[in-house]
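Colleague: Could you walk me through one part of this model, slowly, as if I were new to helix packing? I'd like to see how one helix sits against its partners.

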Amino acid sequence: MLLVQNLSVNYRGFTALNDVNCAFGAGELVGIFGPNGAGKSTMVKAMLGLIRSATGATRLKGRPLTQQLAQVAYVPQRSQIDWDYPVTVWNVAMMGRTLQTGLFRRPSRQSRELVKAALQRVGMYEYRDRSISDLSGGQQQRVFLARALAKEAELLILDEPFTGVDQKTESIMFDIFSELKAQAKILLVISHDLSETLDHYDQLLLLNKHVVAKGPRHEVMTEQNLLAAYEGPVRLIAA
Amino acid sequence: MNILLEPLGFEFMRNAMTMGILLGILCAVVGSYMIVQQMSMMGDMISHSVLAGLPVAVFMGLPLSVGALVAGVLSAVVLSGIESQSRLKLDAVIALVLASFLAIGTTLVTVLPGANRIDVIHVLFGNILGVNQSDLMLTFGITLIVLISVWLFYKELLFYTFDPIGSQAGGMPVRWYYLGIVTAISLTVVASLQAVGVLLVIAMLVAPGMTAYLLVKELHQMMILGGCLGAFASIVGMYLSYYLDIPSGSAIVLVAFGLFLLAFFFSPSQGILTQSGFVKDILLKLPKRSS
């Protein structure tokens, strides 16, 4: 169980997030939605302690999340990464094992097996010796998912993972999310995609500096809630 | 052969060559982190900021290298503090911190008792021909410490420099890695003060790494190739300096720049003459021979 209590963030004089309370259960795929500037990324960054929160706490299995970051795999927004960095696909995926490997040690045989399996699962093992800069956006995103898989984390947080990815990658990602749910992992996915993919999520969290609504799709994606969150009419594609 | 051996008959040339090779390796390894983290201008700031520590070290009776190291690290901490707590962008803060630390240094040189014996011109430009055994030992020690640290923390620094947010979110102590890298940059500047001075050290830090960046696909390869190119530039630069009677530091930097240009134009994977349609365009524009 992941519990967010009274989470508020102030950012240079204005309120970026106001008193967010929510709970996520094991085996849940949660979609976090809201307009630009709604505080979606701010919320997960505050949960992880990457930015300072004014009030509130986040607990995983009863203990502060910031004390258990080894249990977290985080995939940042694409724009946060320098895709020209000189590193191969294999070494990006191996970054998921850095903490477990420990200081002054080489990755164990088990770590290498996990990385291999993760890359195979996302269909990128054949590309392991390629430079990350040589891949398409979808392939790069799959490598980042492999890195998250290799970490064997309890909580996976993905910030806009579908931005700039192809249909094949999106399909692979949702298949993997289903497998992770079956392993009782918690998945938080920030997204802008208000299309039929909404059906993949067990819960939706609609955010606009505070929690507008949380629950299954039919409860959350009502006209009234969308108006409140997006402050204007929103069209759900193929809803 | 005599052309190559003749300069080595002088002790100052042997010392200078050894210093050049050590610095070529050290600067390329540290500079590789600066390049991939897009903090090259921060390296320039640190190199200038060390000047603020020199008069304080003289005043307190400490080795100059200690004062320089403390001032270099302090400037990076001040930079990080201002940048994270304000809306200001990094480049503006770098310019301010660089100028301020430089001003502090030049002011303290005239104000603090005894500090006026610091030769500011020498600190700015260095003199690789004036390198002595103790300078060599200091540079050798710093090179050894930095290389061992990079080897020990390679995978952590790779993760941190590639994805700072992801590594922090995953529970890695990123503040320590930041401090580690700026300390390594400051140590490198300290090691380079005597030889190339604070004005040219930035070229030693970035040029070999940039050249290697255009030729390889992994960070460790960038460091190894960059180290070789840095050492090569130092040796060739020293010979040019000896025979053409030009300033040594400048000669080394110009050779390093020449190597960069070669890679920029002819790199098999990224050279603008080998990869883009540049050559093809020129060939297409040539008049066709009628059959």
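Modeller: Let's take helix α2 of chain B, residues 11–36, and look first at how it packs on helix α11 of chain B, residues 174–213: the angle is about 65 degrees, and the axes are 6 Å apart. Keep in mind that this is a predicted model. Angles of 65 to 115 degrees count as roughly perpendicular, so that's the word for α2(B) against α11(B). The crossing of these two, α2(B) and α11(B), is right-handed. Sort the residues of their contact by class and you get 20 nonpolar, six polar and no charged.

Now turn to another partner, helix α8 of chain B, residues 133–152. Here the axes of α2(B) and α8(B) come within 10 Å and cross at roughly 25 degrees. Anything under 35 degrees counts as roughly parallel, so α2(B) is roughly parallel to α8(B). This crossing, of α2(B) with α8(B), is left-handed. On the α2(B) side the contact includes B:L22, B:L26 and B:V30, and on the α8(B) side B:F140, B:V146 and B:L147 are among the residues they meet. By class, this contact has 13 nonpolar, four polar and one charged residues.

You can also spot α2(B) residues in a wider picture. The largest nonpolar core has 165 residues, and B:L26 and B:V30 are among those with the most contacts inside it, along with B:M204 and A:A93. Helix α11(B) gives this core its largest share, 24 residues. As for A:A93, once you set aside neighbours within four places in sequence, its contacts include A:V115, A:L119 and A:A146.

How values were computed
Residues are numbered from 1 along each chain as its sequence is written. Chains are lettered from A and ligands numbered from 1 in the order in which they are written. This is a predicted model: local features need pLDDT of at least 70, side-chain atom pairs count only at pLDDT 80 or more; totals for chains, interfaces and linings use all residues. Axes are lines fitted to C-alpha atoms, for helices over the stretch in contact, and angles run from 0 to 180 degrees between N-to-C directions. Helices (H or I, at least four residues) and strands (E, at least two) are DSSP runs, numbered from the N terminus. Angles under 35 degrees count as roughly parallel, over 145 as roughly antiparallel, 65 to 115 as roughly perpendicular and the rest as oblique. A crossing is left-handed if the near helix is turned anticlockwise from the far one by less than a right angle, and right-handed if clockwise. Ala, Val, Leu, Ile, Met, Phe, Trp, Tyr, Cys and Pro count as nonpolar, Asp, Glu, Lys and Arg as charged, and the others, Gly among them, as polar. A nonpolar core is a set of buried Ala, Val, Leu, Ile, Met, Phe, Trp, Tyr and Cys residues joined through C-beta atoms within 7 Å. A residue is buried if 20 or more other C-beta atoms lie within 10 Å of its own, exposed if 12 or fewer, and partly exposed in between; C-beta atoms are placed from the backbone. Two residues are in contact if their C-beta atoms, placed from the backbone, lie within 7 Å.
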